[in-house]
Amino acid sequence: MDGYLGIILIVIVVALLAAGGMFLLFRPSQRHAPPVAPPEAPTIPEESQAPATGVIEDDTLTTTVPPPAKPAEPVAPPPPAFEIPPPSAGRMVRLRARLARSQSTLGKGLLELLSRDRLDDDVWDEIEDMLITADVGVSPTRTMVEELRTKVKVLGSRSHDEVRGLLREQLLALIGADMDRTLHTAPHGERPAVVLVVGVNGTGKTTTTGKLARALIGDGRKVLLGAADTFRAAAADQLQTWGERVGAEVVRKDEGADPASVAFDAVSKGIDDKVDTVIVDTAGRLHTKTGLMDELGKVKRVIEKKATVDEVLLVLDATTGQNGMRQAQVFAEAVNITGIVLTKLDGTAKGGIVISVQRELGVPVKLVGLGEGPDDLAPFDPEVFTDALLGD
Ligand SMILES: Nc1nc2c(ncn2[C@@H]2O[C@H](COP(=O)(O)OP(=O)(O)OP(=O)(O)O)[C@@H](O)[C@H]2O)c(=O)[nH]1
């Protein structure tokens, strides 16, 4: 037994001595290692030298701050939740070039004819034809030609500026420079303003509802949209997309639901959510006049249980000419229209429709559509319109 213990002890001692020798032989030499320069502190731009967690900012300390493993990647600011549309003021001035492109043929043609040395009956007939072709309408055209004939006689000489001034004055009188074109969209105390958008499908009704919501939000309003065009599910989808882009909530129901119930729910929610303006997009099926009257009448009556309908905007496609005018009349008989939105003025030279539609319906053009872009809807400005017609 003692012999075994002795052997074990000897083995342990030998093992310890061997391990110690190995350590002395192979330990890393400290003395001869080249000096390691302390890592340079990274240069931090002054404005970003704010104390950060784990960094000691004290001149008296010589603590070496280890360099950051990797310079922080600049973090892009998160994208805004919604688009911020520009305000509606001055839009028509911004869109003037587009208006001039589509409309100035009429103005230039009239200026050329009126500047001729001899103004005989043939020239006056040409002027009349030109105005009728531009959809000014027969009766307004006659009035204008009569006025021009009288004024030209009084003028005697006809310089370019004089003729232009005369034409501008006549056009402005027909367009109605002093008509009230205010768009009533401001809330009444606790209750939102309600705008009903009506018109035949395809005229740009849903697009106009979306563009108007954008413009109002750009002006600082809180807007809610009612997708009462339940005839076509795509119309509600289209409206929802507009709403999502600018942060306007959309009240909608399944395809085929009662438009009046959508309008009612939209206005109720508008009141609960304290929005400023509720815009209701309606279906514009021209089935029968009585059918249309019943549908729009019901939508309006139901809204009026909760709020006042401030505007009934009729959307009219400027490219449809006399056909569009007939449709407009059917709508005017079905519901009390307070303003006209003339869309697609960028796609026709027949801007004279502004004059004829106002005459026929006795309602002012309040907004014009000048393109498919989201901000291509502008409050109608008679002076800008006339100047675009006449060119510079
Ligand atoms: N060039 C031009 N296109 C326009 C204008 N306004 C609307 N549009 C286009 O006209 C087409 C019809 O517009 P919508 O808003 O879908 O017409 P709608 O009357 O609501 O018709 P439904 O959706 O069928 O109810 C779309 O392609 C629009 O982009 C405009 O001012 N200028």
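Student: Which residues does UniProt list for "domain: SRP54-type proteins GTP-binding"?
Tutor: The model shown here is predicted, whereas this feature comes from an unreviewed UniProt entry. Over the stretch concerned, the chain is 0% helix and 43% strand, with its end C-alpha atoms 16 Å apart. The entry places the feature at residues 364-377.

Student: Which helix gives the most to the shell around the ligand?
Tutor: The shell around the ligand holds 20 residues, and those that come nearest are Gly204, Lys205, Thr206, Thr207 and Gly369. By class, the shell has two nonpolar, eleven polar and seven charged residues. The helix that gives the most, with three residues, spans residues 205-218 and is α7.

Student: Which strands stand at the edges of the sheet, and why is one side of each left without a neighbour?
Tutor: Eight strands form an open sheet with mixed pairing, in the order β3-β2-β4-β1-β5-β6-β7-β8. Strands of a sheet pair through backbone hydrogen bonds, either parallel or antiparallel. Each edge strand has a single partner strand, so one of its sides has no neighbour in the sheet; the two are β3 (249-251) and β8 (377-379).

Student: In which sense do β5 and β6 pair, parallel or antiparallel?
Tutor: Strand β5 covers residues 309-317 and strand β6 covers residues 339-343. One bridge joins Leu316 to its partner Leu342 in β6. The two strands pair over five bridges, and the sense is parallel.

Student: What angle does the direction of helix α10 make with that of β1?
Tutor: Helix α8 (residues 233-246) packs on the sheet, touching β2, β3 and β4, and its direction makes about 170° with that of β2. Helix α10 (residues 289-303) also packs on the sheet, where it touches β1, β2, β4 and β5. Its direction and that of β1 (193-198) make an angle of about 175°.

Student: Is the crossing of α5 and α6 right-handed or left-handed?
Tutor: The axes of α5 (residues 138-155) and α6 (residues 160-175) come within 11 Å and cross at roughly 150°. Residues in the contact include Met144 and Leu148 of α5 and Leu166 and Leu174 of α6. By class, this contact has six nonpolar, one polar and three charged residues. The crossing is right-handed.

Technical notes
Residues are numbered from 1 along each chain as its sequence is written. This is a predicted model: local features need pLDDT of at least 70, side-chain atom pairs count only at pLDDT 80 or more; totals for chains, interfaces and linings use all residues. UniProt positions are given in the numbering used here, feature names are shortened, and annotations may be inferred rather than shown by experiment. Helices (H or I, at least four residues) and strands (E, at least two) are DSSP runs, numbered from the N terminus. Axes are lines fitted to C-alpha atoms, for helices over the stretch in contact, and angles run from 0 to 180 degrees between N-to-C directions. A crossing is left-handed if the near helix is turned anticlockwise from the far one by less than a right angle, and right-handed if clockwise. Two residues are in contact if their C-beta atoms, placed from the backbone, lie within 7 Å. Ala, Val, Leu, Ile, Met, Phe, Trp, Tyr, Cys and Pro count as nonpolar, Asp, Glu, Lys and Arg as charged, and the others, Gly among them, as polar. A residue is near a molecule or strand if its C-beta atom, placed from the backbone, lies within 6 Å of it. Two strands pair if DSSP finds at least two bridges between them.
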